[in-house]
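Got your viewer open and a selection box ready? Let's take a walk through the model, one stop at a time.

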Amino acid sequence: MRHLLDTVHLSREDAIRILDVAETMSDVSGREVKKLPALRGRTVVNLFFEDSTRTRISFEAAAKRLSADVINFSAKGSSVSKGESLKDTAQTLQAIGADAVVIRHPASGAAQRLARTDWIDAAIVNAGDGTHAHPTQALLDALTLRRELAARAGVEPTGRGLDGARVVIVGDVLHSRVARSDVWLMHTLGARVTLVAPPTLLPVGIETWPCDVEYDLDNALATGPDAVMMLRVQAERMHGAFFPSVAEYSRRWGLNEARLGLLTPEAIIMHPGPMNRGLEISAAAADSPRSRVLAQVANGVAVRMAVLYLVLSGAPSTEGA
Amino acid sequence: MSAYLIRNAALLGEEPTDLLLVDGIITTVAAGGSLEAPGAEVIDAVGLVALPGLVDPHTHLREPGREDAETVETGTRAAAKGGYTAVAAMANSLPVADTAGVVEQVWGLGRESGWVDVHPVGAVTVGLEGKALAELGAMAESRAQVRMFSDDGHCVSDPVLMRRALEYVKAYDGVVAQHAQEPRLTEGAQMNEGIVSAELGLPGWPAVAEEAIIARDVLLTEHVGSRLHVCHVSTAGSVEILRWAKARGVNVTAEVTPHHLLLTDELVREYDPVYKVNPPLRTAADVEALRAAVADGTIDCIGTDHAPHPTEAKECEWAAAAMGMTGLETALPVVQHALVETGLITWADVARIMSATPATIARMEGQGRPLAEGEPANLTLVDPAATTIVNPDTHATKGRNSPYRGMSLPGAVRHVFFQGKQTVRAGELVHSSTAAKAEA
């Protein structure tokens, strides 16, 4: 795997390989000495054009547990705000000798630009680009769900997909890179995904996506999903006439206590964080035993270790682009 | 005296014909191989198609203000190389061409360069801001004789202002060329809104934002009895509205760009900003509808919307990139490929949509005339059998932002005559009419 840019072009084989390696990495995180020598001498740059402490420290922990040297490059603002251009930044990192660049950028396609141009030779890992893709988030979601399904079936998760699982993703799909990456990855792994949102927060053109679309959350929950993922509602959406009020959104698309009661006993709740308690998710749901929010965070480190290991170990495979 | 004898050119793609050009006039038109003209330079045009000099109703020459992107000199060289003898230069320069002074400057620069006629387009509103009418009368009566007014790049979205502009230009036989883009529906828009934008997570630019303005404007034009030109039509829905308006007798004309006749939003998938353009590349169904609309006359002409940008404006992430593509030097090959070789139109139609009609719309005297005795000697000889791999690095424009880089396109402009002087010989620039030595 040369780069990890999105999940649309990630094969089932490669996705399962990442998840399987992540299971191994997960064991490392459980040890007293949480460190492997796998990437000793390799340099990983966390190139963050957007604030995201959670994602950055997750990648940083992942790289450090593999003994890589980590450089954090916080480049807030981009060529849009008359700062250094993305090309110049990339060439600077090339000159410094970066082996892998983990990039978070507000512009959709920024990671792909780095991978497709001759600006830099390093492996590119997309840590979220605009409203396009966030593949490591989708992979950690898949890892979390796969473990759950395996435990329920009393088998080992390794080597398996998400075949037959039903996942409901609720919220601002239009602006969500997480939703886009989840839909394609979970579909590739055999799950059936239903997106639930107000029609204003679903993109025109969604009819070709490999998932179902539903406006009514209660209808979606009544089908007995294995997992419900709540997406964060960004503050700026509240002023764009996407929905009449926070209260109405919360009533119709929030995971409140009443809706918790509609879930099957095994169903889990996921959220990519940070949560808006009381808006898209109630405290009761966030703190319930069904919640896997903290497991997601822990799995994020394992998945990112796996991705960094695979893009830097040069193992031949199809390109997860 | 300057004299050229063009021998055996296929006149509008038809019979081999000889044309004698003397002192800027086509003096004789006769059967192929029948003319002798001692002293005249002979151009062997066997296999070449003779067209009237091409006329672009929509060019961005960038001067004054953005000479790093293009100048009148480089832009008109590109035009000549592309087979053009006249261009309409859009008003979005710095300062904006919203006064008699600026349009006369651009007009004067065009005269000095002498590669093609440069007709400045006047801004409709002061500073292209859409708030107050610019001095349309002063621009009309200036030496530049402006007849086409446009805020191109911006839509005259205020319906009252648009109505007033349409009314006011009637006094000068003017036309308002509208950039149809409803601004609220396209805030932050990055590409055509549809299947591809949904997947790529780029804010969508809905077709309705164009169509709603065209629908409003044809009704306003009918109401006040004026003349409207719609710039760069890009959607199938716009075509339907124009067809309806023309059937009602509304005095509306429309242009389409070469790129909207060939390229689709599928190209955006790699996020290469060379494909970022306003209006955006649409779907294959739109391309088909636009081609059919040219063939049936609903769309009247080809406008290149030639929009050169410096390299750094495209060497960046998609959202930060400038919108626009170069087009002057590839327009005719794209039209041949998309419309002639598909059997939709003939070479006579090419002469109509790329010369006669745009000249009439923009009221350019001496341009777009028939290739007949007594007419001005503005003509282009194109080799339809040639094939060119597009290499923007060899183009005369300063812009390298051609979306056709590496593509194989048919047809090549061989010779161009502007006011009876040869500006292009064997595909290369020679002299402008003001005899400034070509350096290219």
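Start by colouring the two domains of chain A: their C-alpha centres lie 25 Å apart. Domain 1 covers 12-134 + 297-313, and domain 2 covers 136-293. At their contact you'll find 30 residues from domain 1 of chain A and 31 residues from domain 2 of chain A; contact means heavy atoms within 4.5 Å. The domain bounds come from an automatic or database domain assignment.

Before you click further, a word on what you are looking at. This is a predicted model, where local features need pLDDT of at least 70 and side-chain atom pairs count only at pLDDT 80 or more, while totals for chains, interfaces and linings use all residues; side-chain values use heavy atoms, leaving out hydrogens and water. Residues are numbered from 1 along each chain as its sequence is written, with chains lettered from A and ligands numbered from 1 in the order in which they are written.

**Stop one: a loop in chain A**

Select A:Leu36, in the loop between α1 (12-29) and β1 (43-48) of chain A. Helices (H or I, at least four residues) and strands (E, at least two) are DSSP runs, numbered from the N terminus. Is A:Leu36 buried or exposed, or partly exposed? Its relative accessibility is 22%, so A:Leu36 counts as partly exposed. The cut-offs are under 20% relative accessible area for buried and over 50% for exposed, with partly exposed in between (1.4 Å probe, protein chains only).

Now show the neighbours. Leaving aside residues up to four places away in sequence, A:Leu36 touches A:Met25, A:Val28, A:Arg31, A:Arg65, A:Leu66 and A:Ser67. You can also draw a distance to A:Ala68: it is 32 residues from A:Leu36 in sequence, and the two C-alpha atoms are 9.5 Å apart in space.

**Stop two: a cis bond in each chain**

Most residues other than glycine have a negative phi, and most peptide bonds are trans. Here are some places to look for something else.

Go to A:Pro274, in the loop between β9 (268-270) and α10 (283-286) of chain A. The peptide bond leading into A:Pro274 from A:Gly273 is cis, with omega near -10°. Then jump to chain B and pick B:Pro279, which sits in the loop between β14 (252-256) and α8 (284-295). The bond from B:Asn278 to B:Pro279 is cis, with omega near -10°.

**Stop three: positive phi in chain B**

Select B:Asp23, in the loop between β2 (16-22) and β3 (25-31) of chain B. Although B:Asp23 is not a glycine, its phi is positive, near 50°. Next comes B:Leu128, in the loop between β8 (117-120) and α3 (136-141) of chain B. B:Leu128 has a positive phi too, near 60°. With 9% relative accessibility, B:Leu128 counts as buried.

**Stop four: helix α9**

Highlight residues 331-340 of chain B to bring up helix α9. How many of its ten residues are buried? Nine are, so the helix is mostly covered. Among the buried ones are B:Leu332, B:Val335 and B:Leu339.

**Stop five: the domains of chain B**

Colour domain 1 (3-50 + 374-395 + 407-429) and domain 2 (52-361) of chain B. Their contact takes 26 residues from domain 1 of chain B and 26 residues from domain 2 of chain B. Between the two domain centres, taken over C-alpha atoms, there are 28 Å.

While you are here, pick B:Met407, in the loop between β16 (379-389) and β17 (408-418) of chain B. Its relative accessibility is 25%, so B:Met407 counts as partly exposed. B:Met407 touches B:Leu262, B:Thr388, B:Ile389 and B:Val390, not counting residues up to four places away in sequence. For a longer line across the screen, connect B:Met407 to B:Glu63: they are 344 residues apart in sequence and 29 Å apart in space, C-alpha to C-alpha.

**Last stop: zoom out on chain B**

Show chain B as a cartoon, and you have ten helices and 19 strands on screen. Its C-alpha atoms fill a box of roughly 65 × 45 × 45 Å along the principal axes. Of the 440 residues in chain B, 63% are buried. As for contacts with a separation of 6 or more, residues 24 or more positions apart account for 73% of them in chain B.
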